[in-house]
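Student: I would like a close look at one part of this protein, namely its nonpolar core, and at how that part sits among the domains and the other places worth knowing. Could you take me through it in one connected account?

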Amino acid sequence: MAHTIQGSPTQSPGRLALHGLSVEGVNQCVHCGLCLASCPTFAELGTEMDSPRGRIFLIKSLAEERIALTDSVASHLSLCLDCRACETVCPAGVPYGRLIEAAKAEMERVRPGSPLRRLFRWLNFGLLLGHPRILALAAAGLRLYQASGLQFLVRSSGIVRILPGTLPAWEALLPPLPPRAERAPLPPRIAAEGARRARVAVLTGCVQAVVFGAHNRSTARVLAKNGCEVVVPEGQGCCGALNAHGGDHARALDLARRTIDAFETVRADAVIVNTSGCGAHMKAYGHLLAADPAYAERATRFAASVRDLAEFLAGEPLRGPLSPVPITVTYHDPCHVVHGQKIRNEPRRLLAQIPGLKVVELTESDWCCGSAGIYNLTQPEMATRLLHRKVSHILATGAGAVVTANPGCILQIQAGLAAHRSGVRVLHLVELLDRAYGAQ
Ligand code: SF4
Ligand code: SF4
C-alpha cells in the first residue's frame with residue numbers, strides 16, 4: 001500500500017511509503033519546533049533526534065532510502081513513547097502516531113532480533129493476545145503462582161534475577177490477578193435502568209478482561225444506570241492496539257478484522273471502550289484497513305461508532321441519585337485519551353458531578369507516565385524517569401487518589417507510588433462513578 005503525498009524527491013512523483021506501510025503526512029512537517037516542548041523524551045534528553053521533529057526527519061529519510069536503519073536510528077525511534085503529545089500541539093496536523101507505528105513495524109521487519117526475542121514476541125502478541133481462551137488459562141496459572149506464595153518465594157530468594165532477557169522486568173510488573181469470579185465474562189446482555197438512552201456494545205478487551213474485570217463490571221453497571229442497554233458481543237478479544245503499538249502490523253490487522261466481525265453480530269448505537277489505547281486504536285480502523293477491499297468500508301463505519309466511556313457518558317448529565325464520595329482526587333490524562341482521542345474535559349466534567357468529591361489539578365497531567373503499551377518493559381530506563389516525574393507531581397497534589405482510565409497507566413502509577421511507599425490509590429474513572437452509584 002503506497003500513499004500519495006507531496007514532494008518526495010527520490011520516488012515516483014508524489015509517492016512515499018515505507019515498504020508498503022503508510023507514511024502519508026510525513027511531508028506535512030514544517031519544522032517549526034512547536035512540538036518539542038511537549039515531548040517527554042526531548043524534555044528528558046534534550047537531543048533533536050529524540051524529539052518529534054527529529055524522528056519525523058528520520059522516518060522521512062528512511063522512507064526515501066537516504067539513510068539505513070542503523071542501531072542509532074533504531075534507538076531514537078524505539079525511544080519514542082507513541083504518546084502523541086506532539087500531535088496535539090502540531091499546527092500542521094502531522095499524523096505522528098501513524099508515522100511512528102509504520103516506522104516501528106518496519107524496524108520489526110528489518111531487525112526482528114534474536115530467536116529468544118522473536119519467541120517472546122510470538123508468545124505475547126501471537127498466542128496470548130490472539131487467543132482469549134489461552135490468555136484466560138495463563139491468567140489462571142498466574143493467579144495460582146501469586147496466591148500459592150510461589151511468587152513471594154521467587155522474589156525473596158532472588159531467583160527472579162537469574163531469569164533470561166527481559167523476564168525479570170516482566171515479572172516485576174505482573175499485576176495482581178483477581179479471583180476467578182472477577183475474571184468471568186460479562187453476561188451477554190444487561191438491561192437498561194429507567195428511561196432508555198441507547199443500546200451500546202462494550203469492548204471487554206484482552207488484558208483488561210483478566211486483570212481488570214471489575215472495571216468492565218463497573219462499566220456495565222454505570223451504563224445501565226444511565227439508561228443504556230448493554231450488550232457484550234461474543235467472540236470479541238484483543239483489538240490489536242498492543243500489536244500495532246509494538247510494530248506487529250500483520251497481526252494488528254487480523255485482530256482488527258476479528259473485532260469488526262464480532263461487533264457486527266450485534267446491533268448497537270455505539271461501541272463503548274473503557275481503555276484508552278484500545279479506543280484510540282479502534283477509532284483508527286478505517287485508516288488501518290483502508291487497503292482491504294473486504295473491510296475498508298466496514299472498518300470506517302465501525303470506527304465511527306466507537307466512543308470512549310467518558311466521552312459517551314459526558315454527552316448527557318449523569319443520572320442520579322449519586323451518593324457522596326468524600327475524598328480528594330487528581331486526574332492523570334492517559335495519552336491515548338487526551339492526545340489519541342482529544343478527550344480532555346469530559347472526564348473532568350464527570351468527576352465534577354460526583355457529590356463530595358474534591359478534584360485538584362495535576363501538573364503535567366497529560367504527560368506520559370512511561371507505561372505506553374509495553375514501553376516500560378522495552379525501555380525501562382526512560383520509563384522509570386517519566387514515572388518518577390509523574391509520581392512526584394501526584395504526591396505534590398496531596399490527593400488521596402489519582403484517577404485515570406487506562407490499565408497500563410494504572411499498573412505503572414501503582415508501581416511508582418508503591419516504590420515511594422505512598423498510600424495514594426490509583427482508580428479507574430468508572431470505579432469512582434460506580435462507587436457514587438453505591439458499589440462497594
Ligand atoms: S509541531 Fe508539527 S510541523 Fe512543527 S516541527 Fe513538530 S511535527 Fe513538525
Ligand atoms: S509521540 Fe510522544 S515521545 Fe514520541 S515524539 Fe511525539 S511527543 Fe515525543
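Tutor: What follows begins with the core and then moves outward to the domains, a ligand site and two single residues. Please keep in mind throughout that this is a predicted model.

The largest nonpolar core has 37 residues, and those with the most contacts inside it are Val200, Leu223, Phe312 and Leu432. Helix H24, which spans residues 429–436, gives this core its largest share, namely five residues. The core also draws at least three residues from each of two domains, domain 3 (181–313) and domain 4 (328–436).

Leu223 lets us look at the packing residue by residue. Once its neighbours within four places in sequence are left aside, Leu223 is in contact with Val200, Val202, Cys228, Val230, Ile272, Leu309, Phe312 and Leu313. Val200 and Phe312, which appear among these partners of Leu223, are also among the residues with the most contacts inside the core.

To place the core in the whole chain, it helps to have the full domain assignment, which gives domain 1 (3–110), domain 2 (115–176), domain 3 (181–313) and domain 4 (328–436). Domain 4 also meets domain 1, and that contact takes 18 residues from domain 1 and 17 residues from domain 4, while the C-alpha centres of these two domains lie 28 Å apart.

The next place to visit is the site of ligand 2, which takes up the space of the second largest cavity. Of the 13 residues around ligand 2, Cys39, Cys80, Cys83, Arg84 and Cys86 come nearest. Helix H1 (40–45), helix H2 (52–63) and helix H4 (85–89) each supply at least two residues of the shell around this ligand.

Two single residues complete the picture. Thr204 lies in the loop between strand E5 (198–202) and helix H11 (207–211). Why does Thr204 count as buried? Thr204 does so because its relative accessible area is 13%, and the limit for buried is under 20%. Apart from its neighbours within four places in sequence, Thr204 is in contact with Leu186, Ala209, Asn216, Val232 and Gln236.

Pro115, by contrast, is placed in helix H6, which covers residues 115–128. Pro115 is classed as exposed because its relative accessible area is 61%, where exposed means over 50%. From Pro115 to Gly194 there are 79 residues in sequence, and the two lie 56 Å apart in space, taken from C-alpha to C-alpha.

Note on methods:
Residues are numbered from 1 along each chain as its sequence is written. Chains are lettered from A and ligands numbered from 1 in the order in which they are written. This is a predicted model: local features need pLDDT of at least 70, side-chain atom pairs count only at pLDDT 80 or more; totals for chains, interfaces and linings use all residues. Side-chain values use heavy atoms; hydrogens and water are left out. A nonpolar core is a set of buried Ala, Val, Leu, Ile, Met, Phe, Trp, Tyr and Cys residues joined through side-chain atoms within 4.5 Å. Buried means under 20% relative accessible area, exposed over 50%, partly exposed in between (1.4 Å probe, protein chains only). Helices (H or I, at least four residues) and strands (E, at least two) are DSSP runs, numbered from the N terminus. Domain bounds come from an automatic or database domain assignment. Contact means heavy atoms within 4.5 Å. A residue is near a molecule or strand if one of its heavy atoms lies within 4 Å of it. On a 1 Å grid over the protein atoms alone, a cavity is a set of points where a 1.4 Å probe fits but cannot get out, and a pocket is an open set with protein on both sides within 12 Å along at least five of seven lines; lining residues have an atom within 4 Å of a point. A molecule sits in a cavity or pocket if more than half of its atoms lie within 2 Å of its grid points.
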